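This report looks at one helix and its surroundings, and then at the charged side chains that pair with one another. The sequence and the structure are shown first.

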Amino acid sequence: MTKKTSEQLAWLIRRHAVEMTHLSGGSHIGAIMSVADIVAVLYSDVINYKADEPKWEGRDRFILSKGHAGASIYAALAESGFFPVEELKTHYQNGSRLSGHVSHHLPGVDFSTGSLGHGLSVGVGMAYALKKSGKKEKVFVVLGDGECDEGSVWEAALFANHFRVNNIIAIVDHNHMQSLDFNENTLEIENFGEKWKAFGWNVIEINGNIHDELKAAFAKAKIFGEKDAHKPTVIIANTIKGCGVSFMQNDILWHYRFPHKGWEYDGAVTELHQSRPTGVEDPYTPNGIENPVMPTDKDDIGNDHTFSYTWGTSYPEQMRRVEATPGEGGREHYINNEKK
């Protein structure tokens with residue numbers, strides 16, 4: 001199998017993601033799209049591996065801690081020769097090895113993930129064991145920014161610094177959205193880089209959707225690991241949720257939604273074809289979609305779906321106790337901040 005450039009692999013990850021979630025009705029395509037460039041650069045230019053020997057002792061270890069974006073690693077592994085690309089169509093299906101969250105039953109996967117906050121702890125343990133054994137392999141862990149609300153992430157960060165685990169490189173897919181809203185509306189995490197520095201880590205902040213910046217950051221992180229035995233390294237990769245398809249970008253709806261038949265699927269495929277790199281073939285719609293369905297004014301596109309916008313943050317202040325009345329449970333009811 002011919003090794004692909006990072007740009008080619010990133011495009012294929014996104015195209016596979018659209019197809020896999022469309023066929024399965026699976027979710028989290030927004031997270032898959034934001035992390036695609038990070039995963040592509042890792043497998044094209046950074047990680048040492050042998051696709052025909054997944055348990056090779058000399059391999060670097062990789063953990064996708066944000067396991068809900070598992071379709072990204074499935075696509076990368078298939079396109080890198082770990083298993084047939086055709087198997088990607090079984091994503092989320094009964095009996096498939098490609099579960100909705102990352103499964104270690106697939107060759108090339110070192111650890112099953114999906115319960116957020118675990119990946120860095122396991123990665124630090126792997127890196128510590130490798131270092132104690134005198135081995136030179138590195139451990140790479142990709143986390144979500146919302147995942148960094150978990151206390152176990154910071155326990156692992158403390159451990160890594162205290163025990164000088166300088167052979168681990170954490171990458172945070174900082175797409176600034178989580179669950180139902182933006183990070184800062186959910187649980188404030190900024191100044192994010194300063195927090196990692198306070199825990200003793202080298203910090204590199206970049207645009208995580210630009211491949212040149214990613215490659216430079218990984219090169220710098222490896223130098224840190226070789227020259228500064230005191231610190232592990234974290235790359236804060238600022239990304240766009242849903243990157244690659246305009247109507248998915250920065251729209252929290254696509255954290256859970258999949259591209260339905262019609263304008264959603266047709267629009268995503270058509271936009272991806274407009275950015276297809278040279279030398280890449282689309283395994284599903286080689287010539288694109290001839291007459292794509294387009295959205296209408298009645299379709300839910302371009303709207304703010306965040307919790308803080310749709311719920312109405314003033315609702316709790318307006319809710320008040322009143323004398324109980326039949327059928328109302330002692331409360332006046334407000335919809336869209338208006339008394340009903």
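## A salt bridge with a buried acid

In this predicted model, Glu264 and Arg257 form a salt bridge in which the closest N and O atoms lie 2.8 Å apart. The acidic partner, Glu264, is buried, because its relative accessible area of 7% falls under the 20% cut-off. Arg257, by contrast, is partly exposed, with a relative accessible area of 28%.

Elsewhere, Arg15, Glu19 and Asp282 are joined into one network by salt bridges that share partners.

## Salt bridges between distant parts of the chain

The structure holds 12 salt bridges, and one of them brings together the side chains of Asp45 and Lys215, with an N to O distance of 3.9 Å. This pair links distant parts of the chain, since Asp45 belongs to helix 2 and Lys215 to helix 8, which spans residues 211-227, and 170 residues separate the two. Asp45 is partly exposed at a relative accessible area of 44%, and Lys215 is likewise partly exposed, at 28%.

Another salt bridge is formed by the side chains of Glu57 and Lys135, at 3.4 Å from N to O. Here too the pair links distant parts of the chain, 78 residues apart: Glu57 sits in the loop between helix 2 and strand 1, whereas Lys135 sits in the loop between helix 4 (119-132) and strand 2 (139-144). With a relative accessibility of 38%, Lys135 counts as partly exposed, because this value lies between the limits of 20% for buried and 50% for exposed residues.

## An enclosed helix

Why can helix 3, residues 70-79, be described as largely enclosed by the rest of the structure? The reason is that 10 of its 10 residues are buried, so the helix is largely enclosed by what surrounds it. The buried residues run from Gly70, Ala71, Ser72, Ile73 and Tyr74 through Ala75, Ala76, Leu77 and Ala78 to Glu79, and therefore each of them has a relative accessible area under 20%.

The cover over these buried residues includes helix 1 (6-24), helix 2 (29-46) and strand 1 (61-64). Helix 2 therefore appears in two settings, as part of the cover of helix 3 and as the element that holds Asp45, the partner of Lys215, which is partly exposed by the 20% to 50% criterion. Following helix 3 comes Gly81, whose phi is positive, near 100°.

Key. Residues numbered from 1 in each chain as written. Predicted model: local features only at pLDDT ≥ 70, side-chain atom pairs only at ≥ 80, totals over all residues. Heavy atoms only, no water. Buried < 20%, exposed > 50% of the residue type's maximum accessible area, 1.4 Å probe, protein only. Helix = DSSP H or I, 4+ residues; strand = E, 2+ residues; numbered from the N terminus. Contact = heavy atoms within 4.5 Å. Salt bridge = Lys/Arg side-chain N within 4 Å of Asp/Glu carboxyl O.
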